[in-house]
Amino acid sequence: MINLQITIQLISCLLLALCISLYVLRIVVNAVNKLGLFDKPNARSSASRPIPTLGGIAIFFSFVFVTTIGLYSFQLPEWPYILIALMLIFFVGLKDDIVNLSPLKKIVAQLIAAGILIFLANIRFTNLHGLLGITEIGLIPSILITCFTIVVIINAFNLMDGIDGLAAGLSLLISMVFGSWFLVSGHFDYALICFSLFGAVAGFFYLNVYGKEFKIFMGDTGSLLLGAIMSIIVIRFNEFNINQTQSFAISSAPVISFGILAYPLIDTLRVMAIRIINHRSPFSADRNHLHHRLLALGFSHRSATYTIIASNAIFIMLVFIMHTYGVLRLTAYIVIAGSSLFMIPAFIIKKKKLIKKDDPFQQLLIPPYYEEREKNTRAVARLKRRQSELKPSTLASFFHRINFW
C-alpha cells in the first residue's frame, strides 16, 4: 500500500534532484567554457558546433546527494558499496572525457566496479526465472552472468549517447518504468533511487535538448554512470521478482528487463555484430546506430530522439502486456520485433540511395566495390564472378547483399 508520506518523499527527492541538477549544470557550463573542454565536431559526431561536455558531473552530484539524504529513512545496507562503484565509474568517465582512455582500461574499470557490486553490495543474479530452462544458479555462473550484464548495459548507454537527449530521454523513460514498479510493489528504497535519478537526468535533458546559452553534453562521465545505475536497477528488479507471491510480481523478469532496455541493448549488440562481421573492433567508431540512420533520413536531433523514445515506450507497454506469455515466446517476440524495426530505416536509406560514399563512418554494410557498382553494372558483375571464384560466400557477404540490418 502506497502511503501519502512515501509519495511526498519520492516527489520531493525528484524535484530536489531536478533543481540541484539545473543549478550545478550552469556552474559546469561556465567552468567548462573557461577551461575550453568542448566536444569539437568531427566526421563522426552529429553536432555542428563545439559544445561544452562533462554534463555527467551534475547528474552524478545531484543524484548521489539527493539519494543519500533520501535513503536516510530506509534500511539499505548496500548503498555505501553502490556509491563506491558509481564513484569509480564516474571518475573513469571523467578522465575519458578529458584525456581519452582506451576501451581496455574502461572495461577493466567496469569489471572492478562489477566486482564491488557483486562481492560487497551482494547485487547479483541468483535466479534466471526459467530462461533457457534455468531457475536457480550457482555462485560462479551468477558472478559471470552479472559481470556480463553490467558491462553490456554500461557500454550500451555509452554507445547510445550520440544525439541530443537520446541517452537522457531513454534514461528518464526507463527509470520511471522501474521506479513505478518498485513503488507499487513496496520496494520504496529502490523507487527513491529511480525517482532521484529521474530528477537528476531531467535537468540535464532540458539543457541538452532545449538549452541555448547553457547547452551541454553529458560525455562519458554521464553515459557510463547512467549505464551503471541501470544495471543495478535491472538486477534488483529481477531479484525482487523471484517471489511470485508478492503484489505486482512480474513473471519472466529477465526478458521483461531486456524489453524495457530494448533500444540500447539491441542497437548495441547489432552494431557490434556488424563491426565483427566486417573484421573491425567492436569498439571502433561508425555511424551505423539507429539514430544516425534517422538523421540520414532527414530527422532532426530532437525528432529522432522523440521517435526512438516513443517507439521504446510502446515496446515496453507491449512487453508488460505479454509478460504472462512465457519466457521463450516473449524472448522470440522481442528479438524478432526489435530487430525488424531496425531494418526499416536502412531499407528506406537503400531505396532512396542516401548512403554517403565519402563518409568513412557510415558503415551500412556497404560492399567494398560500391563505387564500381555505380560506375558500371557490367564491371560489377564481372567483379562478383571473380570474387565468387576466388573465395566462397561468407556471412559478411550475405549481410552485404541484404544490407538492411
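D164 is where I'll start: at 14% relative accessibility, D164 counts as buried. Keep in mind throughout that this is a predicted model. The partner of D164 is K215, and their side chains meet in a salt bridge with an N to O distance of 2.8 Å. K215 sits in the loop between α7 (188-210) and α8, and D164 in the loop between α5 (139-160) and α6, so this pair ties together parts that are 51 residues apart in sequence. K215 is buried too, with a relative accessible area of 11%.

How many salt bridges does a search of the whole structure find? The search gives five. Another of them is formed by D220 and K106, whose closest N and O atoms are 3.5 Å apart. D220 belongs to helix α8 and K106 to helix α4, so here the parts tied together are 114 residues apart in sequence. D220 and K106 are both buried.

R270 and D267 also form a salt bridge, the closest N and O atoms being 2.7 Å apart. Both R270 and D267 lie in helix α10, three residues apart, which is about one turn of the helix. R270 is buried, as is D267. There is also a network: salt bridges with shared partners join D96, K106 and D220.

Staying with α10 for a moment. Its 16 residues, 262-277, should span 22 Å at 1.5 Å a residue, and the end C-alpha atoms are indeed 22 Å apart, which agrees. Of those 16 residues, 13 are buried, so the helix is largely enclosed by the rest of the structure. After α10 comes H279, which has a positive phi, near 60 degrees.

Now the whole chain. The protein chain has 16 helices and four strands. It has 405 residues, of which 54% count as buried. Taking contacts with a separation of 6 or more, 73% are between residues 24 or more positions apart. The accessible surface is about 19000 Å², and carbon and sulfur atoms hold 66% of that.

Back to helix α8, by way of S223, which lies in it. S223 is at 0% relative accessibility and therefore counts as buried. What is S223 in contact with, leaving aside its neighbours within four places in sequence? The contacts are I154, F157, N158, D161 and M218.

Helix α4 (residues 103-120) holds Q110. Q110 is buried as well, with a relative accessible area of 2%. Not counting residues up to four places away in sequence, Q110 touches I89, V151, I154, N155 and L224.

L86 is in helix α3, residues 79-99. With a relative accessible area of 2%, L86 is buried. Apart from residues up to four places away in sequence, L86 touches F60, F63, L225, A228, I229 and I232. One of these, F60, is 26 residues from L86 along the chain, and their C-alpha atoms are separated by 8.6 Å.

Next, the aromatics. Searching the whole structure gives 14 aromatic pairs. One of them is F90 with F91, edge-to-face, at 5.1 Å centre to centre and 70 degrees between the planes. Is each partner buried or partly exposed? F90 is buried, at 6% relative accessible area, whereas F91 counts as partly exposed at 47%.

W181 and F237 make another edge-to-face pair, with 5.1 Å between centres and 75 degrees between the planes. This pair links distant parts of the chain: W181 is in helix α6 (residues 166-184) and F237 in helix α8 (residues 219-240), 56 residues apart. Both W181 and F237 are buried. They also belong to one aromatic cluster, made up of F178, W181, F182, Y190, F237 and F240.

Last, the surface. L16, F61, F65 and I69 form a nonpolar patch there, with about 370 Å² of accessible area together. Which helix gives the most to the patch? That is helix α2, residues 56-70, with three residues. F65 is found in α2. F65 has a relative accessible area of 38%, so it counts as partly exposed.

To recap, the salt bridge of D164 and K215 joins two loops, and that of D220 and K106 joins helices α8 and α4. That is what I have.

Notes. Residues numbered from 1 in each chain as written. Predicted model: local features only at pLDDT ≥ 70, side-chain atom pairs only at ≥ 80, totals over all residues. Heavy atoms only, no water. Patch = residues over 30% accessible without salt bridge, like charges linked within 9 Å, V, L, I, M, F, W, Y side chains within 5 Å. Areas by Shrake-Rupley, 256 points an atom, 1.4 Å probe, with all protein chains shown as cover. Salt bridge = Lys/Arg side-chain N within 4 Å of Asp/Glu carboxyl O. Buried < 20%, exposed > 50% of the residue type's maximum accessible area, 1.4 Å probe, protein only. Expected span 1.5 Å × (residues − 1). Phe/Tyr/Trp six-rings, centres within 6.5 Å; stacked < 30°, edge-to-face > 60°. Contact = heavy atoms within 4.5 Å.
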